[in-house]
Structures are given as structure tokens and as C-alpha cells.
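Reader: I've got a model open on my screen and want to go through its side-chain contacts with you. Can we take it piece by piece?

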Amino acid sequence: MSLPRMAGIALGLISTLLGLYGLLHVRPLPLSARLGAMAPIDRNQDGRISASEWAEAGRTPADMARLDVDGDGFIGPAESRPRRKPAGGGE
């Protein structure tokens with residue numbers, strides 16, 4: 001077996017082992033990461049924004065009510081995503 005071939009096999013084996021090591025040390029993202037840009041507002045990182053967290057961030061109750069579509073008193077991941085207007089124009 002040639003030296004370049006052995007070096008290639010060794011590098012492949014090393015990169016595989018390093019990849020497996022990395023997979024073993026992966027930590028899950030906090031629930032608040034699902035909130036996207038609003039994640040910093042979620043102080044307790046429970047994956048939803050309460051009225052008190054919203055107020056602490058200097059936001060208005062009216063804006064909270066507008067985003068809280070299901071009316072549960074929290075802004076969840078689905079509610080924190082920007083809504084797109086339907087394409088095609090309104091005739």
C-alpha cells in the first residue's frame with residue numbers, strides 16, 4: 001500500500017472519530033431558541049414570552065395582544081414568527 005493511500009485512510013479515520021466525538025458532546029438548544037429574534041426577551045428560557053417578560057423588555061401590552069393570537073397570555077414560537085402576506089395581490 002502506498003504512503004499517500006495510508007495517509008488518506010488515516011485522515012479519514014481521524015475525521016470520523018472526531019465527528020463521533022463531536023456528536024457525543026452536542027447539547028440541545030434551549031427552548032427559547034425556537035423564538036428566533038425574540039429569544040432574548042424570554043428571560044426564563046421556557047420557550048414562550050409572558051406578559052411580565054414582555055413588559056420588562058419595554059414592549060407595550062397592545063403589541064403583546066396583537067401577537068398573542070391564541071389569547072393564552074404568552075407569545076409562543078409560532079406566534080413569534082413574522083407573518084407573510086399572501087402572494088398574488090388583493091383583487
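Reader: How many salt bridges does the count come to?
Author: Bear in mind that this is a predicted model. A pair counts here when a side-chain nitrogen of Lys or Arg comes within 4 Å of a carboxyl oxygen of Asp or Glu. Arg 48 with Asp 46 makes one such pair, and Asp 63 with Arg 66 makes another. By this rule, the count is 2.

Reader: How far apart are the closest N and O atoms of Arg 48 and Asp 46?
Author: Arg 48 is partly exposed, at 36% relative accessibility, and Asp 46 is also partly exposed, at 30%. Their salt bridge has its closest N and O atoms at 3.7 Å.

Reader: Which helix holds both Asp 63 and Arg 66?
Author: These two side chains meet in a salt bridge at 3.9 Å, N to O. They sit 3 residues apart, about one turn of the helix. The helix spans residues 61-67, and its name is α3.

Reader: Is Arg 66 buried or exposed?
Author: Its partner Asp 63 has 31% relative accessibility, so Asp 63 counts as partly exposed. The cut-off for exposed is over 50%. Arg 66 has a relative accessible area of 56%, so Arg 66 is exposed.

Reader: Which ring does Arg 48 lie over?
Author: Arg 48 has turned up already, in the salt bridge with Asp 46. Arg 48 also lies over a ring face, at 3.5 Å from the ring centre, and that ring belongs to Phe 74.

Reader: And how far is Arg 59 from the ring centre of Trp 54?
Author: Here too an Arg lies over the face of a ring. For Arg 59 over Trp 54, the distance to the ring centre is 5.3 Å.

Reader: How many aromatic pairs does a search of the whole structure find?
Author: To pair, ring centres have to lie within 6.5 Å. With that cut-off, the number of aromatic pairs found is 0.

Reader: What accessible area does the nonpolar patch on the surface have?
Author: The patch is formed by Leu 13, Leu 17, Leu 20, Leu 23 and Val 26. Leu 13 is found in helix α1, residues 3-24, and is exposed, with a relative accessible area of 52%. Together, the patch residues have about 530 Å².

Reader: Last one: in which helix is confidence highest?
Author: The chain has a mean pLDDT of 88, with 90% of its residues at 70 or more. Confidence is lowest in helix α4 (residues 77-80), at a mean of 88. It is highest, at 95, across residues 51-56, in helix α2.

Technical notes
Residues are numbered from 1 along each chain as its sequence is written. This is a predicted model: local features need pLDDT of at least 70, side-chain atom pairs count only at pLDDT 80 or more; totals for chains, interfaces and linings use all residues. Side-chain values use heavy atoms; hydrogens and water are left out. Buried means under 20% relative accessible area, exposed over 50%, partly exposed in between (1.4 Å probe, protein chains only). Helices (H or I, at least four residues) and strands (E, at least two) are DSSP runs, numbered from the N terminus. pLDDT is the predictor's confidence in each residue, from 0 to 100. Rings of Phe, Tyr and Trp (its six-membered ring) pair if their centres lie within 6.5 Å; planes under 30 degrees apart count as stacked, over 60 as edge-to-face and the rest as tilted. A charge sits over a ring if NZ of Lys or CZ of Arg is within 6 Å of the ring centre and within 35 degrees of the ring normal. Patches are made of residues with over 30% relative accessible area and no salt bridge: like charges are joined within 9 Å, nonpolar side chains (Val, Leu, Ile, Met, Phe, Trp, Tyr) within 5 Å. Accessible areas come from the Shrake-Rupley method with a 1.4 Å probe; for residues, only the protein chains shown count as cover.
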